[in-house]
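Subject: A structure for you to explore

Hi there,

Here is the structure I promised to pass on to you. Have a look around it first, and then read on for what turned up.

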Amino acid sequence: MSIPEKFYRNQIDLNKYENDLAARLIDTYNKIMISAAERLQQVPIGPELDKARQARLKIILKQVKSDLDKWRNSSLGIMVKELKDVAGIQKDFIEGLLEDIAPAELANQINALQIEPNFVDTLIRFDPTKNNQIGLPKGKVFNVFKDSSSLQAIQSRFALTAAVGKEIVLPNGQVVSKAFRGLTEKTADIFGHTVRQGFIEGQSLQKIQRELIGTLNFNSNSKGGIVTSLSNAQTKTIVKTTVHQLNAEISRKSYEINPNIVKRWEYSAIHDSKTSAICRALDGKRYKVGTGPYPPQHFNCRSIDVPIPVGPITGKEYVPDGETYGQWFDKKIAELNKKIPGKGTAYGEKVLGIKGFAVFKGLRKEYNSATEAMRKFIKKDGSRKSLDELAKLYKKK
């Protein structure tokens with residue numbers, strides 16, 4: 001199996017965008033929590049939680065819940081708006097990839113995937129427990145493809161629709177909107193319980209604030225407290241898993257509607273100490289397009305689905321069968337530097353960023369393995385790439 005090297009570059013850049021989106025949502029959330037902790041100064045000083053202090057605390061806790069609700073709705077809105085653009089970017093990228101790996105006679109005959117505007121809306125906002133919304137039974141959406149005479153089958157054949165969006169859930173079975181609601185509700189409960197308990201025990205205001213937010217009010221890069229650390233990690237997990245699912249659905253569907261170019265795909269996992277048992281077991285297994293256990297199989301899953309071209313690839317830079325992207329990347333840099341000193345380094349910095357390439361080189365030296373270095377880099381890479389930067393790289397002109 002050979003695949004154009006840009007397939008792997010796209011995965012790295014998409015990971016950087018996920019980092020950026022999550023970081024922006026987390027930053028806003030942390031500011032809300034810092035403000036809430038500082039508002040505790042408005043509670044009258046006293047040895048116990050008397051009526052006056054209870055009344056003031058009740059007002060503050062109500063405001064905390066309101067602010068968290070606004071953050072949740074705002075975060076969902078940002079995700080809907082941006083992931084609609086991401087869906088279009090990745091659609092264009094996959095179509096370009098299909099053109100690259102298609103037999104010459106089919107390169108200009110790519111079946112284009114249609115993404116309906118409300119697909120991302122339902123993926124992010126759909127909640128079957130509210131407003132009498134009832135999701136379709138699992139598998140219903142894809143079964144209609146077998147009935148080519150049905151109107152739904154004809155409409156769905158080349159499209160990602162609202163019905164498909166409703167079918168996509170997080171690995172624990174929750175929809176995205178419910179995951180965010182659970183996060184904010186739990187945070188509000190923890191905040192209220194921690195403050196009440198602290199006042200009852202006669203703790204100082206500074207101690208209560210430190211337990212809630214750590215030292216984030218002094219240093220945004222410091223370790224947070226009980227209402228920030230876990231919630232920040234959960235927010236990042238939800239964002240990254242959702243973007244991963246979106247991309248997997250676009251690629252899967254695009255391959256399905258182009259059976260003359262891609263008939264099978266391979267499950268590719270990153271191997272390290274944190275690789276899950278299921279991904280380790282699935283790594284390298286190949287399936288007919290539209291079948292098999294697609295990634296992500298769990299939260300924070302880093303596995304990807306790699307298309308297997310029908311025929312050989314010619315005229316493109318590609319990672320050959322039996323070679324990892326890390327090995328190819330390392331060899332590419334060495335070859336370019338041999339031709340023109342510094343050219344390979346410039347290429348590496350363009351792909352991974354200046355700091356990222358420095359990290360890769362350090363890992364390459366530490367593990368004496370380009371494959372292991374790239375795997376570790378992808379795992380540790382916390383660099384960010386904006387939506388505009390992603391679009392400039394992969395959106396069709």
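Let's begin with a pair of residues facing each other across two strands: tryptophan 265 has tyrosine 287, in β5, as its bridge partner. Before going further, please keep in mind that this is a predicted model.

**The sheet**

That pair belongs to a bigger picture. Three strands make an open sheet, ordered β5-β4-β6, with antiparallel pairing. Its edge strands are β5 and β6, each of which pairs on one side only. From one strand to the next, the twist averages 35°.

How many bridges join β4 and β6? Strand β4, residues 262–268, pairs with β6 over 6 bridges, in the antiparallel sense. One place to see this is arginine 264, whose bridge partner in β6 is isoleucine 308. On the β5 side, β4 pairs over 3 bridges, again in the antiparallel sense. There you can find glutamate 266 standing opposite arginine 286 of β5.

A helix comes into the scene here too: α9 lies across β4 and β6, and runs at about 20° to β6.

**Two residues in helix α9**

Helix α9 covers residues 229–256, and threonine 242 is part of it. Is threonine 242 buried or exposed? Its relative accessibility is 0%, so threonine 242 counts as buried. Leaving out neighbours within four places in sequence, its contacts are Met79, Leu83, Ile124, Leu170 and Val176. Take methionine 79 from that list: methionine 79 and threonine 242 are 163 residues apart along the chain, yet their C-alpha atoms are separated by 9.5 Å. Threonine 242 also has a polar side-chain atom that lies 2.7 Å from the backbone oxygen of isoleucine 238.

Serine 231 is also found in helix α9. With a relative accessible area of 5%, serine 231 is buried. The serine 231 side chain makes a polar contact, at 3.1 Å, with the side chain of tyrosine 29. Setting aside neighbours within four places in sequence, serine 231 is in contact with Tyr29, Leu183 and Thr187.

**The nonpolar core**

Which residues touch the most other members of the largest nonpolar core? They are Leu83, Phe191 and Phe329, in a core of 98 residues. Helix α2, residues 51–101, gives the most to this core, with 18 residues.

Phenylalanine 191 is a good one to click on. Not counting residues up to four places away in sequence, phenylalanine 191 touches Met33, Ala36, Ala37, Leu40, Leu61, Val64, Leu212 and Val227. Leu83 may ring a bell, as Leu83 is also one of the contacts of threonine 242.

**Aromatic rings**

A pair of aromatic rings is described by how far apart the centres are and by the angle of the planes. With a cut-off of 6.5 Å between ring centres, the count here comes to 14 aromatic pairs. One of them joins phenylalanine 7 and tyrosine 8: this pair is edge-to-face, 5.3 Å centre to centre, with 90° between the planes. Phenylalanine 7 and tyrosine 8 are both buried.

Phenylalanine 329 and phenylalanine 360 form another edge-to-face pair, at 5.2 Å centre to centre and 85° between the planes. Why is this pair worth a look? Phenylalanine 329 lies in helix α11 (residues 325–339) and phenylalanine 360 in helix α13, so the pair ties together parts 31 residues apart in sequence. Phenylalanine 329 counts as buried because its relative accessibility is 0%, and phenylalanine 360 counts as buried at 1%.

These residues are members of one aromatic cluster, made up of Phe7, Tyr8, Tyr325, Trp328, Phe329, Tyr347, Phe357 and Phe360.

**Some details in the loops**

The loop between β5 (286–288) and β6 (304–309) contains proline 296. The peptide bond leading from proline 295 to proline 296 is cis, with omega near 0°. Asparagine 300 lies in the loop between β5 and β6 as well. Its phi is near 60°, a positive value in a residue other than glycine. Asparagine 300 is partly exposed, with 42% relative accessible area.

Asparagine 368 has a positive phi too, near 55°. Look for asparagine 368 in the loop between α13 (354–367) and α14 (370–380). Is asparagine 368 buried or exposed? Its relative accessibility is 65%, so asparagine 368 counts as exposed.

Happy exploring!

Conventions:
Residues are numbered from 1 along each chain as its sequence is written. This is a predicted model: local features need pLDDT of at least 70, side-chain atom pairs count only at pLDDT 80 or more; totals for chains, interfaces and linings use all residues. Side-chain values use heavy atoms; hydrogens and water are left out. A nonpolar core is a set of buried Ala, Val, Leu, Ile, Met, Phe, Trp, Tyr and Cys residues joined through side-chain atoms within 4.5 Å. Buried means under 20% relative accessible area, exposed over 50%, partly exposed in between (1.4 Å probe, protein chains only). Helices (H or I, at least four residues) and strands (E, at least two) are DSSP runs, numbered from the N terminus. Contact means heavy atoms within 4.5 Å. Two strands pair if DSSP finds at least two bridges between them. A polar contact is a pair of N or O atoms within 3.5 Å; within protein, one must be able to donate a hydrogen and the other to accept it, and residues adjacent in sequence count only if both atoms are side-chain atoms. Axes are lines fitted to C-alpha atoms, for helices over the stretch in contact, and angles run from 0 to 180 degrees between N-to-C directions. Rings of Phe, Tyr and Trp (its six-membered ring) pair if their centres lie within 6.5 Å; planes under 30 degrees apart count as stacked, over 60 as edge-to-face and the rest as tilted.
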